[in-house]
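The following note sets out points for a colleague who is reviewing the coordinates. Each point treats one topic and may be read on its own.

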Amino acid sequence: MALAALADAADAAAALRVSRKGPLVLLFYDGFDQHAIDRPGGALRSWAHATSRYAYRRARGAQLYTGFYVAFRAYVAGLEAIGCDVRINDFALARSMPDYPIGVGGFPSAVDAVAALPNPKIWGPGDCGPHERFSDLIARLNFKLFTQPSPWAKEALQPFAQGRMRDCFAGIDMVRWPDWSTEPKTNDVLIYDKLYWDRDQHIQSVLTPLISHLDQSGLSHQVIRYSKYSYAEFRRSLQRSRVFVFLSRHESQGLACNEAMAANLPVFAWDEGVLADPNMPPLPADANVTSVPYFDSRCGMRFKLDEMLPAFDAFWSTRERFKPRTFVEQKLALPHSGRRYLSLYASLCTS
């Protein structure tokens with residue numbers, strides 16, 4: 001069954017090792033949430049760190065995981081959904097098969113963690129450091145491919161990756177994020193505030209006018225700010241809300257928005273099509289920046305700032321016609337993500 005899922009990598013599939021569970025995938029992750037430690041007792045130390053960090057953040061009602069780690073866990077879940085045998089931070093196994101590919105993700109420290117492994121490597125999800133570093137990673141550390149979560153982000157960095165950048169999204173678990181559209185609703189509008197760059201300016205130009213308009217319209221609302229909420233709080237807020245407003249300058253994927261869509265909440269998304277991150281390089285002409293790279297007419301409506309209030313009224317009056325969960329099922333569910341990543345990973349066996 002798992003090998004049949006390799007339709008996009010049929011030629012490379014034969015080169016993958018297959019255990020009793022399925023195709024073998026070796027993944028490495030290093031960051032705040034989990035460490036890749038290549039020495040005796042390293043796995044135990046990583047487990048202890050991850051467990052204590054999780055308990056500490058949960059006790060304080062903070063976000064349990066970084067966004068990169070959430071994406072990494074989704075990659076693992078997607079691969080397992082199609083029958084793969086995923087091994088995480090298994091240095092001994094990777095070292096015993098120096099020609100076998102490994103996937104590397106997390107923060108720049110992950111690059112250092114696997115530097116001694118000669119295996120062909122694919123990067124992502126995560127941030128491997130400045131884009132000027134790609135050439136060095138290709139030349140010294142055998143990185144064959146890099147990934148970004150969406151086509152526009154891929155195109156933004158492609159010139160620096162020597163044509164080795166690919167798009168690969170994190171899958172959405174349709175069981176963990178069920179259809180809550182028929183649940184009892186006590187809140188009309190859930191606003192997701194991810195106003196990061198030029199925050200003070202955008203509070204005044206976007207968030208404050210929108211809230212004022214909702215008050216004047218008699219609509220209840222709740223604001224959740226990026227990185228300032230707990231996982232449980234976000235789930236409860238989705239369950240009790242009718243629609244989801246997504247305020248972000250741009251997104252390489254936008255997992256919170258995808259999760260809201262899986263829960264079948266129509267989305268009203270600010271989408272100016274402008275790159276706000278000053279650390280990103282100038283974009284190619286065909287890189288279509290967006291805050292909702294995975295979105296169509298089933299999901300809701302996009303808006304620009306100069307049309308926000310009338311656009312919201314149009315969105316609200318037609319909210320019942322949107323079916324975002326259908327889009328997520330067809331485009332972003334875990335098996336779709338697993339097949340996409342596995343096709344890239346398997347291609348390293350023949351590159």
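In which loop is Asn89 found? Asn89 is found in the loop between strand S2 and helix H4, the latter covering residues 91–96. The model under review is predicted, and the points below should be read accordingly.

1. Asn89 and its backbone. The phi angle of Asn89 is near 55°, which is a positive value in a residue other than glycine. With a relative accessible area of 15%, Asn89 falls under the 20% cut-off and is therefore classed as buried.

2. Other positive phi angles. Ser227 also has a positive phi, near 70°, and is likewise a residue other than glycine. Ser227 sits in the loop between strand S8 (221–225) and helix H9. At 34% relative accessibility, Ser227 counts as partly exposed, whereas Asn89 is buried. A further positive phi, of about 75°, is taken by Asn264 just after helix H10.

3. Overall architecture. The protein contains 13 helices and 11 strands. Its radius of gyration is 21 Å, close to the 20 Å that the globule rule gives for 351 residues, so the protein is as compact as a globular protein of that length. The C-alpha trace spans about 65 × 40 × 40 Å along the principal axes. Among contacts between residues at least 6 apart in sequence, 69% join residues at least 24 apart.

4. Burial, surface and charge. Of the 351 residues, 53% count as buried. The protein exposes about 15,600 Å², and carbon and sulfur atoms supply 51% of that area. There are 40 positive and 36 negative charges, and the mean positions of the two sets are 6 Å apart.

5. Asp30. This residue is found in strand S1, and at 9% relative accessibility Asp30 counts as buried. What does the side chain of Asp30 reach at 2.7 Å? The partner is the backbone nitrogen of Ala36. The side chain of Asp30 also makes a polar contact of 2.5 Å with the side chain of Ser109. Not counting residues up to four places away in sequence, Asp30 touches His35, Ala36, Gly105, Gly106, Phe107, Ser109 and Ala110. Both polar partners, Ala36 and Ser109, thus appear among the residues that Asp30 touches.

6. Asp33. The loop between strand S1 (24–30) and helix H2 (42–59) holds Asp33. Is Asp33 buried or exposed? Asp33 is buried, as its relative accessible area is 3%. The side chains of Asp33 and Thr66 are joined by a polar contact of 2.6 Å.

7. Helix H10. How many residues of H10 are buried? The count is 8 of the 8, so the helix is largely enclosed by the rest of the structure. The buried residues are Leu255, Ala256, Cys257, Asn258, Glu259, Ala260, Met261 and Ala262. These residues pack against helix H3 (67–81), strand S7 (187–194), helix H9 (231–240), strand S9 (241–248), strand S10 (267–270) and helix H12 (324–331). The surroundings of H10 therefore include helices as well as strands, and the helix is largely enclosed by the rest of the structure.

8. Glu259 within H10. Glu259 is found in helix H10, residues 255–262, and is buried, with a relative accessible area of 12%. Which residues is Glu259 in contact with, leaving aside its neighbours within four places in sequence? They are Ile172, Trp177, Phe234 and Leu238.

9. Pro125 and the cis peptide bond. The peptide bond from Gly124 to Pro125 is cis, with omega near 5°. Pro125 has its place in strand S4, residues 121–126. Glu259 and Pro125 are 134 residues apart in sequence, and their C-alpha atoms are 18 Å apart in space.

10. Ile82. The loop between helix H3 and strand S2 (85–88) contains Ile82. At 5% relative accessibility, Ile82 counts as buried. The C-alpha atoms of Ile82 and Glu259 are separated by 21 Å, and the two residues are 177 residues apart along the chain. Helix H3, which precedes this loop, is also one of the elements that the buried residues of H10 pack against.

Note on methods. Residues are numbered from 1 along each chain as its sequence is written. This is a predicted model: local features need pLDDT of at least 70, side-chain atom pairs count only at pLDDT 80 or more; totals for chains, interfaces and linings use all residues. Side-chain values use heavy atoms; hydrogens and water are left out. Helices (H or I, at least four residues) and strands (E, at least two) are DSSP runs, numbered from the N terminus. The radius of gyration is taken over C-alpha atoms; the globule rule is 2.2 Å times the number of residues to the power 0.38. Buried means under 20% relative accessible area, exposed over 50%, partly exposed in between (1.4 Å probe, protein chains only). Contact means heavy atoms within 4.5 Å. Accessible areas come from the Shrake-Rupley method with a 1.4 Å probe; for residues, only the protein chains shown count as cover. Lys and Arg count as positive and Asp and Glu as negative; His and the chain ends are not counted. The place of a charge is taken as NZ of Lys, CZ of Arg, CG of Asp or CD of Glu. A polar contact is a pair of N or O atoms within 3.5 Å; within protein, one must be able to donate a hydrogen and the other to accept it, and residues adjacent in sequence count only if both atoms are side-chain atoms.
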